[in-house]
Amino acid sequence: LLSQAVDIDPGRAFIEKLEVPAAVRSIEDLRLALVSTDGDELIAYSPEILDPVELPEPAKIYADPGEINSLDELWHAGDITYKFRDPKKGREYFEEALRRDSGDSRSNVSVAELEIKQARYQSALDHLSTASERDPDNGRIFYLRGIAQEGLGDYASAGQSYYRSAHFEDQLSRAYGRLALLALRSGNALRAVEHVTKAIEQNVLNPRLWALKATALRKAGRVDEGLKVARHSLSLDPVSAWAAQEQFLALKAKGEAANDAGDVVLQLLHNSQTAIEAALNYANAGLYGDAFELLDSVPGGPLTDYYKGFFKDRVGDQNAAAEWFRKGREQSPKNAFAFRLEGIDAFNTALRHEPNDGKAHYYLGLIYGKVSDVEKAIEHWVRATQLDPVNALAWRDLGLANVSVKEDPEKGLE
């Protein structure tokens, strides 16, 4: 149909319309090929008509919670809906189960998990306590209890809960991973190495555990081992900013050329969200100095400045914290999306330094909106618009929340 020599490049496309003769009965009979001047076929395409396939049955639509008869069916409907469809709707099934039987252990555990994801740690502990009355030998209950206790800053109790959960095979790896973080927080790097090694034994392909071990080894003064472990972590996840930073820090500690490693870190951390995620790996282990150093070495932005202020506050440098919080609130919130639970502590700390920080309220609204705590989100956005009335983003999000969630279009349009 066509054979033509053309000179093309990404800025000059070749476009041609052809009349297909009647002799061509099927589109499968057509073939397009691009051949170089040397006769090498660079790319080719021929349409393929696939045989019809029988589609599977669509996913089951569950009845409303009040229409389901048994607690067992309610929990399973809630579990699938929560995990794969709509967490808010899934919660309705769990709450209906608890309305009928407040002691139902599975629904209490599921609600506790949802509460943790909304930073409602005391409520989560209450549900877990109720669940343990009927299911006292459940490793997941102990593990979630540790997460909630950590959220409340009760690290000693969290450690005990993680040790209890580590007795259960399905919780062992992640429990010892959390225990390693707590050991670093308490300054016991050698114990952190022991704990993370146990976690790795059951989860040997987890690059985050290897990066955590590299951190623990470096803090224990075993820099050469830490460098090897960091490189192994990178072999499992070549774009791990945490492992790349550990490789960079180990080479720096050894006094060796770290330029290439430093370039890799800068490239990975050029995105502020990636940088914050990597820094929080250190902050969650109480290594606020390392967290600050990482953020201070890469391009900044309003969120990174708030986190830098938070890290400085945690090490007791209140003047530096106040200065970083000031820098954060003076920057535009455009393209700054706060969504991590750790940000709740960071922005509340900023408000402790400056109660009239409208940007901190705006970012808190984003976080609570992300975890579907709309009432708290609206509360913070209202305060943000009062303190910083020129923040159009806060007005927009407040309007959307009133229209789409509160179903109050008139108030939303205001």
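**Figure 1. Salt bridges in the predicted model.** Across the structure there are 31 salt bridges, and since this is a predicted model, take every close-up here in that spirit. Side chains of opposite charge can pair when their charged atoms come close. The next few views pick out some of these pairs.

**Figure 2. K89 and E92 pair up within a helix.** Here E92 and K89 make a salt bridge, with 3.3 Å between the closest N and O atoms. Both sit in helix α2 (residues 87–100), and because they are three residues apart there, about one helical turn separates them. E92 is partly exposed, at 34% relative accessibility. K89 is also partly exposed, at 24%.

**Figure 3. A salt bridge between R120 and E115.** The closest N and O atoms of R120 and E115 lie 3.3 Å apart, which makes the pair a salt bridge. Buried or exposed: how does E115 count? With a relative accessibility of 4%, E115 counts as buried. R120, on the other hand, is partly exposed, with a relative accessible area of 29%.

**Figure 4. E277 reaches R340 from a distant part of the chain.** These two side chains meet in a salt bridge, 2.7 Å from N to O. The partners are 63 residues apart: E277 belongs to helix α13 (residues 272–283), while R340 is in the loop between α16 (318–329) and α17 (342–353), so the pair links distant parts of the chain. R340 is buried, at 9% relative accessibility, whereas E277 is partly exposed, with a relative accessible area of 38%. Elsewhere, R91, E95, E115, R120 and D373 are joined into one network by salt bridges that share partners.

**Figure 5. A look inside the largest cavity.** R340 turns up again here, as one of the lining residues. The others on the list are L303, Y307, A338, F339, F347 and I367. How much space lies in this cavity? The answer is about 40 Å³. Sorted by class, the lining has six nonpolar residues, no polar ones and one charged residue. With a threshold of 30 Å³ or more, the count of cavities comes to one.

**Figure 6. The β1–β2 hairpin.** Strand β1 (residues 32–35) and strand β2 (residues 41–45) run antiparallel and are joined by four bridges. Which residue of β2 stands opposite L32? That place is taken by Y45. Five residues lie between the two strands of the hairpin, and G39 there takes a positive phi near 90°.

**Figure 7. The second largest pocket.** This pocket holds about 1000 Å³ of space. Its lining is made of 26 residues, and those nearest the centre are L2, F14, L32, A33 and L34. The hairpin strands are part of the story too: β1 and β2 each supply at least two lining residues. By class, the lining counts 19 nonpolar, four polar and three charged residues.

**Figure 8. Q171 and its contacts.** Q171 is in the loop between α6 (155–165) and α7 (172–185). Which residues does Q171 touch, leaving out those up to four places away in sequence? The contacts are G139, R140, Y143 and S165. Q171 counts as buried, because its relative accessibility is 4%, and the cut-off for buried is under 20%.

**Figure 9. I61, out on a loop.** The loop between β2 and α1 (71–84) is where you'll find I61. Its relative accessibility is 76%, so I61 counts as exposed. I61 and A77 are 16 residues apart in sequence, and their C-alpha atoms are 9.2 Å apart in space.

**Figure 10. Two loop residues with a positive phi.** Most residues other than glycine have a negative phi. A119 isn't a glycine, yet has a positive phi of about 60°. A119 sits in the loop between α3 (105–117) and α4 (121–134) and is partly exposed, with a relative accessible area of 23%. N335, again a residue other than glycine, has a positive phi near 65°. You'll find N335 in the loop between α16 and α17, where N335 is exposed, with a relative accessible area of 60%.

Methods. Residues are numbered from 1 along each chain as its sequence is written. This is a predicted model: local features need pLDDT of at least 70, side-chain atom pairs count only at pLDDT 80 or more; totals for chains, interfaces and linings use all residues. Side-chain values use heavy atoms; hydrogens and water are left out. On a 1 Å grid over the protein atoms alone, a cavity is a set of points where a 1.4 Å probe fits but cannot get out, and a pocket is an open set with protein on both sides within 12 Å along at least five of seven lines; lining residues have an atom within 4 Å of a point. Grid points are joined across faces, edges and corners, and a volume is the space filled by probe spheres set on the points. Ala, Val, Leu, Ile, Met, Phe, Trp, Tyr, Cys and Pro count as nonpolar, Asp, Glu, Lys and Arg as charged, and the others, Gly among them, as polar. A salt bridge is a side-chain nitrogen of Lys or Arg within 4 Å of a carboxyl oxygen of Asp or Glu. Buried means under 20% relative accessible area, exposed over 50%, partly exposed in between (1.4 Å probe, protein chains only). Two strands pair if DSSP finds at least two bridges between them. Contact means heavy atoms within 4.5 Å.
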